[in-house]
Amino acid sequence: MDFALILKFLKDLAKNNNREWFDKNKDRYLEAKDAFDVVVAELLQEMIKFDESLGGLDPKKLVFRIYRDVRFSKDKRPYKNNFGAAISSEGKGLGIPGYYFQVQPGGSSFVAIGLFQPKPELLASVRQEIDYNGDRLQKIFNEKKFKSNFSKFWDEDALKKAPKGYSPDHPHADWLKLKSFIVEHSFSDSEVTDKKFMKQVVDTFKSAKPLNDFLKEAIS
């Protein structure tokens with residue numbers, strides 16, 4: 001798997017994020033995209049070994065387009081400077097617990113696991129589960145393999161106060177404030193190009209499967 005090729009293309013694209021350069025380098029883009037498609041296909045096969053709910057997915061449908069939607073953005077650069085794929089039991093679709101994999105130069109490659117901005121009724125269900133079984137979630141965070149990869153939930157969209165119906169003194173108040181339930185692990189460029197990178201990604205995803213199981217039970 002040629003991660004060096006993928007990173008090199010993305011580095012050059014970041015420096016030349018315009019349609020003229022992209023059109024001239026379309027062959028390089030297609031080569032890098034094909035390489036990433038192969039990565040996602042192999043990654044999926046390894047993940048099915050520990051998460052059977054991912055069986056039967058088409059890996060090519062899990063990869064995001066490189067074209068940015070600039071209609072409502074001040075940033076008019078036409079292309080993303082990364083390749084990304086989302087993997088869940090329902091395919092690429094967000095809104096249910098799943099896995100995300102992104103390759104981006106400059107030490108910005110990462111994986112994310114969990115539930116991103118669920119609908120209000122699902123958010124309420126997760127908060128209720130945390131209220132009732134927060135100690136179980138704490139055990140997941142304390143588990144050795146999980147703890148070696150993740151320290152806390154992503155909290156950039158969290159409420160400033162505990163949501164209505166929950167005491168600010170609740171033992172898991174910080175979790176109840178969340179609007180997303182995501183953990184992330186980043187990788188340096190040297191890690192991405194290391195021959196053990198794919199195994200590291202698979203092991204990182206596997207260590208977080210108990211979190212997805214907890215979230216799936218909460219919204220089921």
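The radius of gyration used here is taken over C-alpha atoms, and the globule rule is 2.2 Å times the number of residues to the power 0.38. Keep that in mind for the opening view of this predicted model.

**Whole chain**

Start zoomed out, with just the C-alpha trace on. With 220 residues, a compact globule would come out near 17 Å, and the chain has 19 Å, which agrees. Line the view up with the principal axes and the trace spans about 60 × 40 × 30 Å.

Now switch to cartoon. You should find eight helices and four strands. Walking from the N terminus, the order is α-α-α-β-β-β-α-α-α-β-α-α. If you colour by burial, 46% of the 220 residues count as buried.

**The N-terminal end**

Select Asp-2, in the segment before helix H1 (3–15). Its relative accessible area is 38%, so Asp-2 is partly exposed. Add Asp-27, Glu-31 and Asp-34 to the selection: together with Asp-2 they form a negative surface patch.

Next, step into helix H1 and show the side chains of Lys-8 and Asp-12, which sit four residues apart there, about one turn of the helix. They make a salt bridge, with the closest N and O atoms 2.7 Å apart. Which partner is buried, with a relative accessible area of 13%? That's Asp-12, because the cut-off for buried is under 20%. Lys-8 has 46% relative accessibility and therefore counts as partly exposed.

**More salt bridges**

The whole structure holds twelve salt bridges, so let's pick out a couple more.

Select Glu-46 and Lys-49. Their closest N and O atoms are 3.1 Å apart, and the two form a salt bridge. Glu-46 is partly exposed at 34% relative accessibility, while Lys-49 counts as exposed at 64%.

Then jump along the chain to Asp-174 and Lys-177. Here the salt bridge has its closest N and O atoms 3.8 Å apart, which still counts because the cut-off is within 4 Å. Check the surface around each partner: Asp-174 is exposed, with a relative accessible area of 57%, whereas Lys-177 counts as buried at 19%.

For the last stop, go back to Lys-8 and Asp-12 and add Arg-28 to the selection: salt bridges that share partners join these three residues into one network.

Technical notes. Residues are numbered from 1 along each chain as its sequence is written. This is a predicted model: local features need pLDDT of at least 70, side-chain atom pairs count only at pLDDT 80 or more; totals for chains, interfaces and linings use all residues. Side-chain values use heavy atoms; hydrogens and water are left out. Patches are made of residues with over 30% relative accessible area and no salt bridge: like charges are joined within 9 Å, nonpolar side chains (Val, Leu, Ile, Met, Phe, Trp, Tyr) within 5 Å. Accessible areas come from the Shrake-Rupley method with a 1.4 Å probe; for residues, only the protein chains shown count as cover. A salt bridge is a side-chain nitrogen of Lys or Arg within 4 Å of a carboxyl oxygen of Asp or Glu. Lys and Arg count as positive and Asp and Glu as negative; His and the chain ends are not counted. The place of a charge is taken as NZ of Lys, CZ of Arg, CG of Asp or CD of Glu. Helices (H or I, at least four residues) and strands (E, at least two) are DSSP runs, numbered from the N terminus. Buried means under 20% relative accessible area, exposed over 50%, partly exposed in between (1.4 Å probe, protein chains only).
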